[in-house]
Amino acid sequence: MKTNYIKIALALLTAMPMHTMAQGTNNGLGDDDIDIKSLYEMVTKHEQKSKALKLYFNYGMSNQTMYDSRNGEWNSHMANRYLKVEMIGWLTDKLYYRFRQRLNKSHEAQSEDGFAKATDYMMVGWKFNDHWSVQGGKKCQALGSFEFDENPLFIYQYSDIEDNVDSSKGAINLLYNATSNQQFSIEVSNTYNGKLKDEFGENAKVTNGNIIGNDENGAAKINTALLEKSNIPLAYSIGWNGKMLDGKLQTRWSYTIRTQAKHKYSRFLRLGQKLNLNNLQWYIDYNMTYDDLDRMKIASNELADVLTTNTEGKIYVGKIRYQDWVTKMNWQFASDWNLMLKGMYETTSLTKSEQFNNYRKALGYVGAVEYYPTRKEKQDLRIFLAYTGRKYKYTKQSLMANYNTSRIELGLMYRMKVL
């Protein structure tokens, strides 16, 4: 029965690698870590045969020593990086569910979907047959890229795009498994968790950064337009999750169109490719979003002082393009040991502005050595030493200063399976 459940789950959900201590994925049911033994099994000495409930706690903490060139200081502190509770189960051969809640994040309900930002998942699904299924509720959107699909517990540093994408939304997702190795999806989801005014504030305005003249004091004036809410603020996604060459080559591709405000749209392309070998896993992602309104607010926050005007309401940039290339390698170089290397290159451009066209480049690099001391007990406990470096470079015409940051971490991560 347990083996049949695993086969059903893998056929229904995304095609992901099955390592000895595989991670719970950020998409679908997130239950491919089949080699973890539950605390129930360890205490009672009985095999858990029911598939109605699997309960996990995801926890990570570390000592972090950080440097920021903007103030020239190093500082250090103990950080509780992550704490989530997760429930997964099949109630029948066709009906399944998933709940995931972050315990160290705001639990205030949002005005649009009624859930807190801390709720990643409250989803139910129905499997019609071996090819078709549907799932709905609050869930991570069906987006491509392997960085997105990783369990957030095991991420030392996201790329800027992934760190700001805000992907848990109310959604309905239709899945089609053409074969056990090829899955296609169509999804409709909310663009926001809250109303437009909750996300951007009252009397918010958008600008493409063009200078249209000077005010009475001689200061430059930029073009602005008042944001108006859309009556149908929805996002539409199509996706392909593939597995070829006996799982050695995998893909996670998607394209999304989002209605952000009245006559303001977002186009989001994500292409993930992964090489999956026995002791080496390596992916390369490409992501591009072109927004009529800066949904991620990276550029809007950076350029806030430049965009300040005498009018009421905050100014956000529009006609903005974010791009990134992310690559990550995991190499199990010895028993119970893993070497992780990650690189990120990102660009930001206000495409209609001469001053801020391709104004920002971000470089990131992460390295970590991980030790798994409890593999024999079938527990996913990791002790790690990691370094993260970021560099931000700006064009001269943007009038912004370059800076860099560093972070050294020594800590642990534990995906605890209770039931």
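Which residues is Asp 294 in contact with, leaving aside its neighbours within four places in sequence? In this predicted model, the contacts of Asp 294 are Phe 200, Ala 299, Ser 300, Val 317, Ile 320 and Tyr 322. Asp 294 sits in the loop between β15 (280–291) and α6. With a relative accessible area of 0%, Asp 294 falls under the 20% limit and therefore counts as buried. The side chain of Asp 294 makes a polar contact of 2.8 Å with the side chain of Tyr 322, and it also reaches the backbone nitrogen of Lys 297 at 3.0 Å. Leu 350 lies 56 residues away along the chain, yet the C-alpha atoms of Asp 294 and Leu 350 are 9.9 Å apart.

Several of these names return in the nonpolar interior. The largest nonpolar core has 27 residues, and those touching the most other members are Ala 299, Leu 303, Val 317, Tyr 322, Leu 350 and Tyr 359. At least two residues of this core come from each of β4, α6 (298–302), β16 (315–317), β17 (320–334) and β20 (380–394). Apart from residues up to four places away in sequence, Ala 299 touches Asp 294, Val 317, Ile 320, Tyr 322, Thr 348, Leu 350 and Tyr 359. A second, separate core holds 14 residues, among them Phe 146, Met 340, Ala 386 and Met 413. In soluble globular proteins, nonpolar side chains tend to be buried together.

Another polar residue in the interior is worth a visit. Gln 260 belongs to strand β13 (residues 249–261) and has a relative accessible area of 2%, so it is buried. A polar atom of the Gln 260 side chain lies 2.8 Å from the backbone oxygen of Leu 293. Beyond residues up to four places away in sequence, the residues touched by Gln 260 include Thr 191, Tyr 192, Leu 196, Asp 291, Asp 292 and Arg 295.

On the surface, Trp 126, Phe 128, Trp 132, Leu 174, Ile 186, Ile 238, Tyr 255 and Ile 257 make a nonpolar patch of about 740 Å². One of these residues, Phe 128, is placed in the loop between β4 (119–127) and β5 (132–140). Its relative accessible area is 44%, so Phe 128 is partly exposed.

Finally, the protein as a whole contains seven helices and 21 strands. Of its 419 residues, 51% are buried. Among contacts with a separation of 6 or more, 62% are between residues 24 or more positions apart. The accessible surface comes to about 19000 Å², with 58% belonging to carbon and sulfur atoms.

Conventions. Residues numbered from 1 in each chain as written. Predicted model: local features only at pLDDT ≥ 70, side-chain atom pairs only at ≥ 80, totals over all residues. Heavy atoms only, no water. Helix = DSSP H or I, 4+ residues; strand = E, 2+ residues; numbered from the N terminus. Buried < 20%, exposed > 50% of the residue type's maximum accessible area, 1.4 Å probe, protein only. Polar contact = N/O pair within 3.5 Å; in protein donor to acceptor, adjacent residues only side chain to side chain. Contact = heavy atoms within 4.5 Å. Patch = residues over 30% accessible without salt bridge, like charges linked within 9 Å, V, L, I, M, F, W, Y side chains within 5 Å. Areas by Shrake-Rupley, 256 points an atom, 1.4 Å probe, with all protein chains shown as cover. Salt bridge = Lys/Arg side-chain N within 4 Å of Asp/Glu carboxyl O. Core = buried A, V, L, I, M, F, W, Y, C linked by side-chain atoms within 4.5 Å.
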